[in-house]
Amino acid sequence: MTRPHGIKEVTAMGQDAGTRAVVLGGSIAGLFAARVLADAYDEVLIVDRDKLVGVKGVRRFCPQSHQANGLLARGVQVMEELFPGLTKEMVDYGVPTGDLSGSCRWYARGNRLKQQTAGLTTLGVVRPMFEWFIRERVQKIENVSFIEEHDILGLTTTADKSTVTGARVQKRGTDTDEVIEADLVVDATGRGSRTPVWLEQLGYEKPFEERKKIDLGYVTQHFRLRPGANGFVNDVAINQIANAVVPRGNVFFLVEDGKVELTTYGILGDHPPTDYEGLMAWLKSLPAKDVYNTLRYADPVDKAMPFKFPTTLRRHYHKLRRFPEGLLVTGDAVTTFNPVYAQGMSVAALCALVIRRHLHSGAAPVPQDFFRDLAKDAIDQAWEMTNQIDLSLPGVEGERTFKVKMGNWFLKRVQIAATHDGSITAEYFKTAGLVQKPEAMMRPGFALKVLWKSLFGPAKESREPFTFEVAPGVEPAFGGPEGPAELPKAA
């Protein structure tokens, strides 16, 4: 539902007419938040500077719309809880689906992991289409409305600044700002959130910001496989994990409309090029050649789009002693993860569950209680995993505690053992998919199996290189049996 008559209709509504929650930002985090708020408030308004309703393509103010975005297995579970039947809806539309451990081909340290189905649903859907599916569901909620193409200018508060009472916004292309009154404001504006600045302006302390410089650069492009060529066989994705020796990797998966989406990345300034020859040479430089060989029989359908991600970021709102009532923060506005690990959208979904729990207490959310639970139940696990893996790269600055060192040592053993045993792969991706806590992999029986398999597994080469075959007469998209031979230089 949109507001055809602008905001005056909204601001005229007083407290006697019912309760209202305002979500700042129509991102995935904002949409998930609106879904749970709709169960507790008479009216929910989503404010965004983009056009949202009915949009299936890339949004102007969503810089990562061009890039691959994944929903981890736990994220799919939460999505289904909040939007029952949506997974089937996507599959019926033509979105490829599979199992994160059983039908995704993974390479770690250049070696192929054994595959085993683990009940971890994965969906091959591009970011704009995923947003569209969620928005369509949210739009059907009777008490939710979208206020589109409005800039968010700031907050309004009570005279003593103890309680947020609404948001100041401005229709794009006008010079008049207006106020949307609210009983609760939820900031879902992403990494560029202005809440720290607004807090300081109101006389509150800004949250401590924890950052880790990773200097990540990645490139995304879509292709269509030539008839008779299928490098995936029975799999839905081919992914390689960067490591200390080769800080390059990729995610490569089937998406809707018969296309494939490639995102390839490099860390610590080693960034992939965007020109076709250079990109193919980059893919050839990766330890496993599956993606390179597959794309030799595929044609690009758009241009390669680069994106740079200099630092991860966590705002420690849970450590603040004072915070105004009537305001919550969610999603990337709290924590922005290394996008390589695809945690952002799933954590946004988990944040919505925490919001729901605090709304259903029968009273207005207490921000400090909310932020403590948000840290514990939605953010800590993913953040600690991100930090640990980032610190396995020697060039990433940060304190390598005994816990971090031991964690990375054990992760290496898990990845080696998983090249020999699919049950270990399944447990690994239950943790990586946020379905279970990392402690689950430390169970004595499992830990002993990991150590045994990693130290005394089959002596033969564990890479199991994939043999790429095409139907007779299928011509490669670029020349010769070898293709580009030169490694691209770091950007």
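These legends walk you through three close-up views of a predicted model.

**View 1. Five strands line up in an open sheet.** Following the sheet across, you meet the strands in the order β7-β2-β1-β11-β18, and their pairing is parallel. The strands at the edges are β7 (144-147) and β18 (327-329); each has a single partner strand, so one side of each is left without a neighbour in the sheet. From one strand to the next, the twist averages 20°. To look at one pairing in detail, find strand β11 (residues 184-187), which joins β18 in the parallel sense over three bridges. Here Asp-187 has Val-329 of β18 as its bridge partner.

**View 2. Helix α10 meets helix α11.** Two packed helices are described by the angle between their axes and the distance between the axes. For α10 (residues 367-390) and α11 (residues 402-418), the axes come within 9 Å and cross at roughly 80°. That crossing angle makes α10 roughly perpendicular to α11. On the α10 side, the contact is made by Glu-384, Gln-388 and Ile-389. Their counterparts on α11 are Lys-403, Val-404, Gly-407, Asn-408 and Leu-411. Sorted by class, this contact has three nonpolar, three polar and two charged residues.

**View 3. A look inside the largest cavity.** Searching the whole structure turns up five cavities of 30 Å³ or more. The largest cavity holds about 70 Å³ of space. Its lining is made by Ile-241, Ala-242, Asn-243, Tyr-265, Ile-267, Val-340, Tyr-341, Ile-389, Ser-392 and Leu-393. By class, eight of these lining residues are nonpolar and two are polar, with no charged residues. You may recognise Ile-389 in this lining, as Ile-389 of α10 also takes part in the contact with α11.

Terms used
Residues numbered from 1 in each chain as written. Predicted model: local features only at pLDDT ≥ 70, side-chain atom pairs only at ≥ 80, totals over all residues. Heavy atoms only, no water. Axes fitted to C-alpha atoms, helices over the stretch in contact; angles between N-to-C directions. Helix = DSSP H or I, 4+ residues; strand = E, 2+ residues; numbered from the N terminus. Parallel < 35°, antiparallel > 145°, perpendicular 65-115°, else oblique. Contact = heavy atoms within 4.5 Å. Nonpolar A, V, L, I, M, F, W, Y, C, P; charged D, E, K, R; others polar. 1 Å grid on protein atoms, 1.4 Å probe; cavity = no way out; pocket = protein on both sides within 12 Å on 5 of 7 lines; lining within 4 Å. Points joined across faces, edges and corners; volume = space filled by probe spheres on them. Pairing = 2+ DSSP bridges.
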